[in-house]
Amino acid sequence: MNDSPEVSGAMVPGYPEPLWIQAVQVIQGEIDRGVLLPGGRLPPERQLCQQLGISRVTLRKALNSLVETGVLNPSHGRGWYVAKTVPAARKKEWPNTLESFSETAARMGLTPHSKVLRAETSPATIDEAEQLAIAPGTPLFRLERVRLLEGVAIALDVTRLRRALVPDIERVDFQERSLYATLAAAGVEPVRADSTIEATKADERAAEHLDLASGDPVLVMRQVALGGQREPLFVSTIQYAGDRYRLRTSFARS
């Protein structure tokens, strides 16, 4: 055994994130915790493959990704080194900016898909009308989907929007089509979403569609998406399987 720092982390085959992305997260985590220091050399590739339980091809993909984001520097014939200057920003698993599920998946190199459970129009209730600043009874398009990454169920998403925003929205195939892309094609652009996130227990419906047991932890995000004039466009309630969603954000003192 040499004097190189040891990199450790849980690699989970079949998890929604491919192994190379998990390896990126493990190595980045070791840098964040100070196990791997700025300017320091990573363990040899053979040792990293053994420690992480992955192939050299998978490891190389992870290392090259970290080079592209400025976290690592390669040295021909000598190995891989942590950058001396930490980049101001790097790719995140999930954003703290407004992105659609499909946009986030594409940025992460994953394939999104949806199972549509409901796509129909019905009148707005009093509560929904208040949220959307419309009259009760206004036609709302109701879209309920199971959101998947690489075939793994991640979230149960229920969205309600004014039917008048998108002509012929009932004809859109939301198994593949992004709601944000559909809105953009109709000239509607969400620019902000007021959100709340809370931890709770999966009810029977969420458990059924997310492959959970009733009572398992879920993170519930409730959003009101706003347009350029701060007008409400749609409201959504998204239940994420608690072990498959991680939102990163930052806080600053004023």
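A residue counts as buried when its relative accessible area is under 20%. By that rule, the buried residues of helix 2 are E45, Q47, L48, C49, Q51 and L52. The model is predicted. This briefing covers helix 2, strand 4 with its neighbours, the aromatic pairs, and two loop residues with positive phi.

**Helix 2 and its surroundings**

- Six of the eight residues in helix 2 are buried, so the rest of the structure largely encloses this helix.
- The cover over the buried residues of helix 2 includes helix 1 (19-32), helix 3 and strand 2 (79-82).
- After helix 2 comes G53, which has a positive phi near 70 degrees.

**Packing of helix 2 against helix 3**

- Two packed helices are described by the angle between their axes and the distance between the axes.
- For helix 2 (residues 45-52) and helix 3 (residues 56-68), the angle is about 105 degrees and the axes are 10 Å apart.
- This angle makes helix 2 roughly perpendicular to helix 3, because angles of 65 to 115 degrees count as roughly perpendicular.
- On the helix 2 side, the contact is made by E45, R46, L48, C49 and L52. On the helix 3 side, R56, L59, R60 and L63 take part.
- Sorted by class, the residues in the contact of helix 2 with helix 3 are five nonpolar and four charged, with no polar ones.

**Strand 4 and its partners**

- Ten of the eleven residues of strand 4 are buried, so strand 4 is largely enclosed by the rest of the structure.
- Strand 3 (residues 112-123) runs antiparallel to strand 4, and eleven bridges join the two.
- Strand 4 also runs antiparallel to strand 5, with ten bridges between them.
- Between strand 3 and strand 4, T121 has F141 in strand 4 as its bridge partner.
- Between strand 4 and strand 5, R145 stands opposite D157 in strand 5.
- Strand 4 and strand 5 form a hairpin, and two residues lie between them.

**F141 in strand 4**

- F141 belongs to strand 4.
- The relative accessibility of F141 is 1%, so F141 counts as buried.
- Leaving out residues up to four places away in sequence, F141 touches A119, E120, T121, T159, R160, L161, R163, I169, E170 and F174.
- F141 and A164 are 23 residues apart along the chain, and their C-alpha atoms are separated by 8.9 Å.

**Aromatic pairs**

- A pair of aromatic rings is described by the distance of the centres and the angle of the planes.
- Two aromatic pairs are found in a search of the whole structure.
- In one of them, the ring centres of F141 and F174 are 6.1 Å apart and the planes are at 40 degrees, so this pair is tilted.
- The F141 and F174 pair links distant parts of the chain, 33 residues apart. F141 sits in strand 4, and F174 sits in the loop between strand 5 and helix 6 (179-185).
- F174 has a relative accessible area of 2% and is buried.
- In the pair of Y180 and F234, the ring centres are 6.0 Å apart and the planes are at 75 degrees, so the pair is edge-to-face.
- The Y180 and F234 pair also links distant parts of the chain: Y180 is in helix 6 and F234 is in strand 8, 54 residues apart.
- Y180 and F234 are both buried.

**Loop residues with positive phi**

- E150 is not a glycine, yet its phi is positive, at about 50 degrees.
- The position of E150 is the loop between strand 4 (139-149) and strand 5 (152-162), in the turn of the hairpin that these strands form.
- With a relative accessible area of 40%, E150 is partly exposed.
- R230 is also a residue other than glycine with a positive phi, in this case near 65 degrees.
- The loop that holds R230 lies between strand 7 (217-226) and strand 8 (232-241).
- R230 has a relative accessibility of 63% and therefore counts as exposed, since exposed means over 50%.

Terms used. Residues numbered from 1 in each chain as written. Predicted model: local features only at pLDDT ≥ 70, side-chain atom pairs only at ≥ 80, totals over all residues. Heavy atoms only, no water. Helix = DSSP H or I, 4+ residues; strand = E, 2+ residues; numbered from the N terminus. Buried < 20%, exposed > 50% of the residue type's maximum accessible area, 1.4 Å probe, protein only. Axes fitted to C-alpha atoms, helices over the stretch in contact; angles between N-to-C directions. Parallel < 35°, antiparallel > 145°, perpendicular 65-115°, else oblique. Contact = heavy atoms within 4.5 Å. Nonpolar A, V, L, I, M, F, W, Y, C, P; charged D, E, K, R; others polar. Phe/Tyr/Trp six-rings, centres within 6.5 Å; stacked < 30°, edge-to-face > 60°. Pairing = 2+ DSSP bridges.
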